[in-house]
Amino acid sequence: MGDGAKEPPGQPEVPESLAGTANSPDYASNRDAMLAAVADLCALEDRTAAASAQRNARFAERGQTPPRERLARLLDPGAPYLPLHRMAGYLADTDDPEKTLPGATFIGGIGYVSGIRAMVVVDDSGIRAGALAPYALQAMLSFLAIAQRQKLPFIHLVESAGANLMDYRVEDWAHGGGVFAGLAKLSAAGIPTVAVLHGPATAGGAYMPGLSDYVVGVRGMGMAALAGAALVEAATGERAQDADLGGAEMHAQTSGLVEYLAEDDRHALEITREVVARLAWGSHASDPDAGQSAATAIDYPEHLAGVVPANIFAPFDAREIAKRVLDAPGFTDFKPDFGPGTVCLQARLMGYAVGVLANNTPIDPAGAAKATQFLQACDQAGTPVIFLHNTTGYMVGTASEQAGMIKHGSKMIQAVANLRVPKIGFITGASFGAGNYGMGGWAFDPDFLFSWATARSGVMGGAQAAGTMSSVARAAAARKGAPVDEARLLAQEAAICAHFDRQAHPFYTSGRVLDHGVIDPRDTRAIAGFCLSICAEARVRSLNPSTYGVARI
């Protein structure tokens, strides 16, 4: 994962079983469009890393390691790592796509520390000194929610200038309490939390270590205080030193906030790895039985770059994705001839039994009914569900309405909302309207949800929205007996199309923290398998909850 396994240069060799698809006239153009979108994604991620790296010289002057190096030193070398919310804040800091820095000043993901899988969040203090960027709060709340749901130790490498008071919004302050509550709930649930004070954590940020079970502080650099020296003087008239107010040494010797005092960043990370290792977290979970853990996909995932049309409204068979993601020897098609536009598959992925729900068309009444039965059967058997989104929504029209589209669609939504098994989603093409809801969209608390770089999602497409509004305008003009201003209508349609299509782009939706990240489609199998193993481990892990978190003395 991380950067993901990439296709070698040039056109990949096509297996015989894929000859029909890979030699189709559209395959090469589809692949080119997908790879271009992936290149745009990588360029954005590299831009943020490069912006942070511009401060590396300053870190070196202070004897510190840069944020991304901290992450690399904390994680086990060569172990899987799943980055999350790398696009958070895209176009929230500027309207210029060439200047935006996605990531919301957080580097977060799931990786291994001393052999233990954990949620790791690093303040990107190379950008704005780690001050919270737009949508950082939503990303942090999501990190905490995943840690709670998947029973993952939560490690936070802290160095942040806190909130930008010039951008103060009262709703951010109110919702920010959810971070405090999230840390408290993790501790009370029996899930360890660790904070490493690499630099300052003031005001609300001081509660990051305050609400953590274990705190490592870096001598001379770590600092946690409800108010720094300037604010203390402004508020009380007292002239104090930051070291006396919140230095790591003071907290280790006097206040008791810091358990472990490190000499520098590297030492702090060594201590953190030792602390995590001594949690003996692995002893609290039996190894989940993945069955055929070495199973391989039916065909090569590299070909995922070409099998999905660049035009999201062009039809394709979702089974072409399934072939390249699921384990060999294949899958069992559930009711393939009933509601055939909705695809339900029983299979294995990285050895784990899974149900796959996918779309080939809008969801019709029969497809919704089939999906409902399939989801309930998966829930009964304890089988995780993989959602492969590609739908413009539930079918409209007289025939669908009379066939019970509303009631059947509602049953499907009820089934998804109440699933007790892991829900892992990939928006591979279109994901519009209530179809997104029926496919376990963001509002339905999926365990993990990722978007392909060419996907699109929203209430409807721009052309559909523009057409709807034009129909309304024409009907209103007809009722009044007035002529239609065609030039004005064309301008309105163009503006509506641009407005809707801009927000449907996966970079934009991921920037608003409406998924866990945008991915290269060729990484789908690896990411799905890693997510399944996270969920499987969580289901067999025992915790020692209490009615309170670990209290500091």
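**Burial, packing and backbone geometry in a predicted protein chain**

Ala 147 is found in helix H5. In this predicted model, Ala 147 is buried, with a relative accessible area of 0%. Leaving out residues up to four places away in sequence, the contacts of Ala 147 are with Met 119, Leu 152, Phe 154, Leu 186 and Ile 191. One of these partners, Ile 191, is separated from Ala 147 by 44 residues in sequence, and the C-alpha atoms of the two residues are 8.3 Å apart in space.

The setting for this residue is a protein chain of 553 residues, whose secondary structure comprises 21 helices and 16 strands. The radius of gyration of the protein chain is 25 Å, which agrees with the value near 24 Å that a compact globule of 553 residues would have. Along the principal axes, the C-alpha atoms occupy a box of roughly 75 × 65 × 50 Å. Buried residues make up 51% of the protein chain. Among contacts with a separation of 6 or more, 76% join residues that are 24 or more positions apart. The accessible surface amounts to about 24000 Å², and carbon and sulfur atoms contribute 56% of this area. As for charge, the protein chain carries 44 positive and 56 negative side chains, and a distance of 4 Å separates the centres of the two sets.

Strand S4, which spans residues 154-160, contains His 156. With a relative accessibility of 5%, His 156 counts as buried. When neighbours within four places in sequence are set aside, His 156 is in contact with Phe 106, Val 121, Asp 123, Met 140, Val 194, Ala 195, Val 196 and Met 208. Leu 388, in strand S12 (residues 385-391), likewise counts as buried, at 5% relative accessibility. Residues up to four places away not being counted, Leu 388 touches Ile 321, Val 356, Leu 357, Ala 358, Asn 359, Phe 426, Thr 428 and Met 439. Between Leu 388 and Asn 360, 28 residues apart in sequence, the C-alpha to C-alpha distance is 9.9 Å.

Helix H10 (residues 248-255) includes the buried residues Ala 248, Met 250 and His 251. Viewed down the axis of H10, the buried residues fall within an arc of 160° and therefore line one face of the helix. An α-helix has 3.6 residues a turn, so residues three or four places apart point the same way. The buried residues of H10 pack against four elements of the fold: strand S6 (214-218), strand S7 (223-225), helix H9 (242-246) and strand S8 (260-262). The exposed residues Gln 253 and Thr 254 are carried on the face of H10 turned away from its buried side. Just after H10, Gly 256 adopts a positive phi of about 85°.

Further features of the backbone concern loops. Most residues other than glycine have a negative phi, and most peptide bonds are trans. In the loop between strand S3 (116-123) and helix H5 (136-150) lies Ala 129, a residue other than glycine whose phi is positive, near 55°. The relative accessible area of Ala 129 is 39%, and the residue is partly exposed. Ala 203, in the loop between strand S5 (193-202) and helix H7 (207-210), also has a positive phi near 55°. This residue, Ala 203, is partly exposed, with a relative accessible area of 38%. A cis peptide bond, with omega of about 15°, joins Ala 328 and Pro 329. The position of Pro 329 is in the loop between helix H13 (319-325) and strand S9 (332-333).

The loop between S3 and H5 also holds Pro 134. At 37% relative accessibility, Pro 134 counts as partly exposed. Apart from neighbours within four places in sequence, Pro 134 is in contact with Gly 89, Ala 92 and Ala 104. Gly 89 and Pro 134 are 45 residues apart in sequence, with a C-alpha to C-alpha distance of 5.5 Å.

Conventions
Residues numbered from 1 in each chain as written. Predicted model: local features only at pLDDT ≥ 70, side-chain atom pairs only at ≥ 80, totals over all residues. Heavy atoms only, no water. Helix = DSSP H or I, 4+ residues; strand = E, 2+ residues; numbered from the N terminus. Rg over C-alpha atoms; globule rule 2.2 N^0.38 Å. Buried < 20%, exposed > 50% of the residue type's maximum accessible area, 1.4 Å probe, protein only. Contact = heavy atoms within 4.5 Å. Areas by Shrake-Rupley, 256 points an atom, 1.4 Å probe, with all protein chains shown as cover. Lys, Arg positive; Asp, Glu negative; His and termini not counted. Charge placed at Lys NZ, Arg CZ, Asp CG, Glu CD. Arc of directions from axis to C-beta.
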